[in-house]
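I opened a fresh page of my notebook to write down what I looked up in this structure, one topic at a time. I wanted each entry to be short enough to check against the picture.

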Amino acid sequence: MSGAAALLFVVPVVLLVAGAATVWMGVRGGRRRRTAGSTGPAGVVAVVARLVAGVGTIGFAVLALSVLWSEQQYGIVILPIAALVGAALWNGVLLAVAAIADAVARRPRREPTLDR
């Protein structure tokens, strides 16, 4: 029973902290890009992907806590684990997109030429 209680409260706290940190990183990256100069659409994609990942992780924290008002049998175990798996997949995809967009934004720009 104590394991289920720990699962009920530890998982949402971890997801909430991770989501808030991801949102903070996205906001901080957006401010840095704005002051450092334009990096083009790839930089915007990276910032938006981080923000969406963070907000989604906070949503999964709410899903993990939804067992408190749901009447699902065994929900105290199923919903936090489902929230962890969902948040891992959600963040894996969106943070990979952000990393790829950052790599593209850091590439040196080539000037267009008329030579072929």
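**Leu7 and its surroundings**

I began with Leu7, which is partly exposed, since its relative accessible area is 22% and the cut-off for buried is under 20%. I noted at once that the model I am reading is a predicted one. Leu7 is found in helix H1, and when I set aside its neighbours within four places in sequence, I found Leu7 in contact with Pro12, Ile76, Val77, Pro80 and Ile81. For one of these partners, Pro80, I also looked up the spacing: Leu7 and Pro80 are 73 residues apart in sequence, yet their C-alpha atoms are 6.8 Å apart in space.

**The chain as a whole**

I then stepped back to ask how many helices and strands the chain has. The secondary structure comes to 3 helices and 0 strands, and from the N terminus on I could write the order of the elements as α-α-α. The chain has 116 residues, of which 32% count as buried. Its exposed area is about 7900 Å², and carbon and sulfur atoms supply 70% of that area. I also looked up the contacts between residues at least 6 apart in sequence, and 77% of them join residues at least 24 apart.

**The nonpolar core**

Which residues make up the largest nonpolar core? I listed 7 residues for this core, namely Val11, Leu15, Phe60, Ala61, Ala64, Ala83 and Ala87. The elements that give two or more residues to this core are helix H1 (2-36), helix H2 (41-65) and H3, and the largest share, 3 residues, comes from H2. I added a general remark beside the list: in soluble globular proteins, nonpolar side chains tend to be buried together. For Val11 I looked up the partners too, and, leaving aside the neighbours within four places in sequence, Val11 is in contact with Ala6, Ala64, Pro80 and Leu84.

**The aromatic pair**

The structure holds 1 aromatic pair. The ring centres of Phe60 and Trp90 are 6.4 Å apart and their planes stand at 70°, so I entered the pair as edge-to-face, because planes over 60 degrees apart count as such. Phe60 lies in helix H2 and Trp90 in helix H3, so the pair ties together parts that are 30 residues apart in sequence. I then compared each partner with the cut-offs: Phe60 is buried, with a relative accessible area of 19%, whereas Trp90 counts as partly exposed at 35% relative accessibility.

**The salt bridge**

I found that the structure holds 1 salt bridge, in which the side chains of Arg50 and Asp102 meet at 2.5 Å, N to O. The pair links distant parts of the chain, with Arg50 in helix H2 and Asp102 in helix H3, 52 residues apart. Are the two partners buried or exposed? Arg50 is buried, with a relative accessible area of 16%, and Asp102 is buried as well, with a relative accessible area of 8%.

**Two more residues of helix H3**

Next I looked at Asn91, which is found in helix H3 and counts as buried at 16% relative accessibility. Not counting residues up to four places away in sequence, Asn91 touches Ala53, Thr57 and Ala96.

Arg106 also lies in helix H3, but I had to enter Arg106 as exposed, because its relative accessibility is 65% and the cut-off for exposed is over 50%. I looked up a spacing here too: the C-alpha atoms of Arg106 and Ala42 are separated by 9.1 Å, although the two residues are 64 residues apart along the chain.

**A nonpolar patch on the surface**

Where on the chain did I find nonpolar side chains at the surface? Tyr74, Val77, Ile78, Ile81, Val85 and Leu89 form a nonpolar patch there, and together they have about 590 Å² of accessible area. I looked up one of them, Ile78, more closely: its place is in helix H3 (residues 75-106), and at 41% relative accessibility Ile78 counts as partly exposed. I closed the page by going back to Leu7, whose contacts include Val77 and Ile81, and both of these residues belong to the patch.

Notes
Residues are numbered from 1 along each chain as its sequence is written. This is a predicted model: local features need pLDDT of at least 70, side-chain atom pairs count only at pLDDT 80 or more; totals for chains, interfaces and linings use all residues. Side-chain values use heavy atoms; hydrogens and water are left out. Patches are made of residues with over 30% relative accessible area and no salt bridge: like charges are joined within 9 Å, nonpolar side chains (Val, Leu, Ile, Met, Phe, Trp, Tyr) within 5 Å. Accessible areas come from the Shrake-Rupley method with a 1.4 Å probe; for residues, only the protein chains shown count as cover. A salt bridge is a side-chain nitrogen of Lys or Arg within 4 Å of a carboxyl oxygen of Asp or Glu. Helices (H or I, at least four residues) and strands (E, at least two) are DSSP runs, numbered from the N terminus. Buried means under 20% relative accessible area, exposed over 50%, partly exposed in between (1.4 Å probe, protein chains only). Contact means heavy atoms within 4.5 Å. A nonpolar core is a set of buried Ala, Val, Leu, Ile, Met, Phe, Trp, Tyr and Cys residues joined through side-chain atoms within 4.5 Å. Rings of Phe, Tyr and Trp (its six-membered ring) pair if their centres lie within 6.5 Å; planes under 30 degrees apart count as stacked, over 60 as edge-to-face and the rest as tilted.
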